[in-house]
Amino acid sequence: MSTAPPSAPPLPADLETLLHRLRLPHIRRAAPDVLATASAQRWEPAEVLKALLTEEAAGRERSALATRRAAAAFPTGKTFDAWKPELSSIPAPTQQALRTLEWIDRRENLVVCGPSGTGKTFFLEALGQHAVEHGRKVLWFTLEDLAFLRVGADFHRRRARTWALAACEAWSSSATLSIVTARPFAATRHGSLRRA
């Protein structure tokens, strides 16, 4: 019969409060276990500090990645893990060159076009996810999204147009990569747009 290892004692309340005030949530979460291990293994103070700061840095990187992913508003979460480059009509050297993301730093545009069902949206989403994983801010739009912004601007005239244009400008200026995909849409009986 095995016994569970004893849980680390909680941090003193004043230390917990200080870590909360300094906005160090990852240190706060890891500190009890790190301090218990450090005490048991007689770590040097510098080792304890390094372990705690490493945990905070890693936690912040995870949080930033999650925030960038959520802000990008990707439709499905497809990544290059599921992408099969050999099945794509995009030449392998071109795929590799695009995955380096150097073209973004050169402020070059990318247009991917082809028949329906050839993996254009899949490739673009995987490319966007790859950019997010490498610290880039990405925005995902469909033509339908942009059309609704435009329809809303026409409906509310000056105020809405100003808001929509300001929003688009703010979104696109904060992103390193903006992806716009085409989705078929049709008019409903009320004249608004919907996906076909």
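These legends walk through several close-up views of one predicted protein model.

**View 1. The whole chain, to get your bearings.**
Start with the parts list: this predicted model has seven helices and four strands. Go along the sequence and they come in the order α-α-α-α-α-α-β-α-β-β-β. The protein has 196 residues, and 28% of them count as buried. As for the outside, the accessible surface adds up to about 13800 Å², with 57% of that belonging to carbon and sulfur atoms. If you take the contacts with a separation of 6 or more, 66% of them join residues 24 or more positions apart.

**View 2. Helix H6 and the pieces that cover it.**
H6 runs over residues 120-133, which makes 14 residues. Its first and last C-alpha atoms are 20 Å apart, close to the 20 Å expected at 1.5 Å a residue. How many of the residues of H6 are buried? The count is 10 of the 14, so the helix is largely enclosed by the rest of the structure. Those buried residues are Phe123, Leu124, Glu125, Ala126, Leu127, Gly128, Gln129, His130, Ala131 and Val132. The cover over them includes three helices, H3 (45-72), H4 (92-99) and H5 (102-105). Strands S1 (138-142) and S2 (177-181) are also part of that cover. Just after H6, look for Gly135, which has a positive phi near 85°.

**View 3. Leu110, in the loop before H6.**
You'll find Leu110 in the loop between H5 and H6. With a relative accessible area of 31%, Leu110 is partly exposed. What does Leu110 touch, once residues up to four places away in sequence are set aside? The answer is Leu98, Trp103, Leu124 and Leu127. Two of these, Leu124 and Leu127, are among the buried residues of H6. Leu110 and Leu124 are 14 residues apart along the chain, and 9.7 Å separates their C-alpha atoms.

**View 4. Two salt bridges, Arg60 with Glu56 and Arg62 with Glu55.**
Side chains of opposite charge can pair when their charged atoms come close. Seven salt bridges turn up in a search of the whole structure, and this view picks out two of them. In one, the side chains of Arg60 and Glu56 meet at 2.8 Å, N to O. Both residues belong to helix H3 and sit four residues apart, about one turn of the helix. An α-helix has 3.6 residues a turn, so residues three or four places apart point the same way. The partners differ in cover: Arg60 is partly exposed at 44% relative accessibility, while Glu56 is buried at 4%. In the other bridge, Arg62 and Glu55 bring their side chains to 3.8 Å, N to O. Here Arg62 is partly exposed, at 48% relative accessibility, and Glu55 is partly exposed as well, at 30%.

**View 5. Who sits around Glu56.**
Stay with Glu56 in helix H3. Its 4% relative accessibility is why Glu56 counts as buried. Leave out neighbours within four places in sequence, and Glu56 is in contact with Arg23, Leu24, Pro25, His26 and Ile27.

**View 6. Arg23 and Ala73, two loop residues with positive phi.**
Most residues other than glycine have a negative phi, and most peptide bonds are trans. Arg23 is not a glycine, yet its phi is positive, at about 55°. Arg23 belongs to the loop between helix H1 (13-21) and H2, and it is exposed, with a relative accessible area of 67%. Ala73 also has a positive phi without being a glycine, this time about 60°. The loop between H3 and H4 is where Ala73 sits, and its relative accessible area of 45% makes it partly exposed.

**View 7. A small network of charges.**
Glu102, Arg106 and Glu108 are linked in a network of salt bridges. Within it, the side chains of Arg106 and Glu108 come to 2.9 Å, N to O. Glu108 is partly exposed, with 40% relative accessible area.

**View 8. A nonpolar patch on the surface.**
Which residues make the nonpolar surface patch of about 310 Å²? They are Leu15, Leu18, Leu22 and Leu35. Leu35 lies in helix H2, residues 25-41, and counts as partly exposed at 35% relative accessibility.

Notes. Residues are numbered from 1 along each chain as its sequence is written. This is a predicted model: local features need pLDDT of at least 70, side-chain atom pairs count only at pLDDT 80 or more; totals for chains, interfaces and linings use all residues. Side-chain values use heavy atoms; hydrogens and water are left out. Patches are made of residues with over 30% relative accessible area and no salt bridge: like charges are joined within 9 Å, nonpolar side chains (Val, Leu, Ile, Met, Phe, Trp, Tyr) within 5 Å. Accessible areas come from the Shrake-Rupley method with a 1.4 Å probe; for residues, only the protein chains shown count as cover. A salt bridge is a side-chain nitrogen of Lys or Arg within 4 Å of a carboxyl oxygen of Asp or Glu. Buried means under 20% relative accessible area, exposed over 50%, partly exposed in between (1.4 Å probe, protein chains only). The expected span of a helix is 1.5 Å times one less than its number of residues. Contact means heavy atoms within 4.5 Å.
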